[in-house]
Amino acid sequence: MWRLVPRKRKSSASEPEADPRRNGVVKVAARAIPEIEASVLPRHVAIIMDGNGRWAKKRHLPRIAGHRQGVEAVRRVSRAARAMGIEALTLYAFSSENWRRPEEEVGDLMGLLRHFIRSDLDELAEDNVRLKVIGDYRRFSPDLVEMIDGAMARTAANTGPLLAIALNYGSQAELVGVAREMARRVRDGEMAIDEIDAGGIEGLLDTHELPPLDLLIRTSGEQRLSNFLLWQAAYAELLFVDTLWPDFDGEALAEAVAAFGRRQRRFGGL
Ligand code: FPP
């Protein structure tokens, strides 16, 4: 039986209702995993969703089929994260390096993103989710930028969990942007060099509205950060799992959260 104790709920008696729309959540509830105490529930989980191409290749399908299943996994996992009481989920959907992929694949990914916003925004809004996009998404085509801005505006006043999608995101570019802004403020006499500190830098990161990153998961067996949340991961627990992203689901997330609960976090102390 599912024994996850959600952060904002009193007991496992308040497990999510079976809702035909929410397969992921129902599946999580059916799986036996160790009880996770609310106190060790990560507030902010980020995922490098890797392995769509390999998932498709194993099935002799085109890569787009893997990405399509990847979107299904996005749905399942974000629903499961909400049901668990995780405050923020950040998903790496398109890196600033992904432009190097064939034009057709880039176009397919943009198409899936458009489709996701069209088909899932109502549910996110109803679930009180605040949608955030991090990264330089303004380089996308104007209609997509408009859709993204509209989706963020529609959910901006929501008070529930945050779903952050990283689009045209690269951590180094994000940090370069922060350095430039700091330099500008010093040049314009708005602050002194000595006033530059970690808190000030964090306030200028794309993730400034998100809680500190607790758990960073990468699927598909690769063990690297690929320019994702480099600053934010300073004290995050890293978890590399072999599951290919299209196979990742609420159960896998629950297992990752349970593994996080077994880690000893010392933040440099003893
Ligand atoms: C990495 O797998 C995955 C990506 C570059 C794209 C991730 C995108 C999605 C899951 C779908 C879009 C998301 C939303 C929010 C609509 P890969 O293709 O590099 O896999 P491989 O290493 O096996 O080739």
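**Close-up views of helix packing and the ligand shell**

**View 1. Helices H3 and H4 side by side.** The crossing made by H3 and H4 is right-handed. In this predicted model, the two helices pack with their axes 10 Å apart, at an angle of about 30 degrees. That angle is under 35 degrees, and H3 and H4 are therefore roughly parallel to each other. From H3, the contact draws on Arg63, Ile64, His67, Arg68, Val71 and Arg75, while H4 brings Glu105, Asp108, Leu109, Leu112, Phe116 and Asp120. Sorted by class, the residues where H3 meets H4 are six charged, five nonpolar and one polar.

**View 2. Helix H3 against helix H8.** Here we stay with H3 and turn to its contact with H8, which spans residues 250-262. The axes of H3 and H8 come within 8 Å and cross at roughly 50 degrees; the two helices are therefore oblique to each other. This crossing, too, is a right-handed one. On the H3 side you will find Arg76, Val77, Ala80, Ala81 and Met84, and they meet Gly250, Leu253 and Val257 of H8. The contact of H3 with H8 comprises six nonpolar residues, one polar and one charged.

**View 3. The shell around the ligand.** A total of 20 residues surround the ligand. Asn52, Gly53, Arg54, Gly70 and Phe116 are the closest of them. Which elements each supply at least two residues of this shell? They are helix H2 (52-58), helix H3 (63-84), strand S2 (88-95) and helix H4 (103-126). Phe116 is worth finding in both views: this residue is among the closest to the ligand and also belongs to the H4 side of the contact with H3. As for chemistry, eleven residues of the shell are nonpolar, seven are polar and two are charged.

**View 4. Stepping back to the whole fold.** To place these close-ups, it helps to look at the complete protein, which has eight helices and six strands. Followed along the sequence, these elements run α-β-α-α-β-α-β-α-β-α-α-β-β-α. Of the 270 residues in the protein, 37% are buried. How much of the contact network joins residues 24 or more positions apart? Among contacts with a separation of 6 or more, such pairs account for 79%.

Key. Residues numbered from 1 in each chain as written. Predicted model: local features only at pLDDT ≥ 70, side-chain atom pairs only at ≥ 80, totals over all residues. Helix = DSSP H or I, 4+ residues; strand = E, 2+ residues; numbered from the N terminus. Buried ≥ 20, exposed ≤ 12 C-beta atoms within 10 Å, placed from the backbone. Contact = placed C-beta atoms within 7 Å. Near = placed C-beta within 6 Å. Nonpolar A, V, L, I, M, F, W, Y, C, P; charged D, E, K, R; others polar. Axes fitted to C-alpha atoms, helices over the stretch in contact; angles between N-to-C directions. Parallel < 35°, antiparallel > 145°, perpendicular 65-115°, else oblique. Left-handed = near helix turned anticlockwise from the far one by under 90°.
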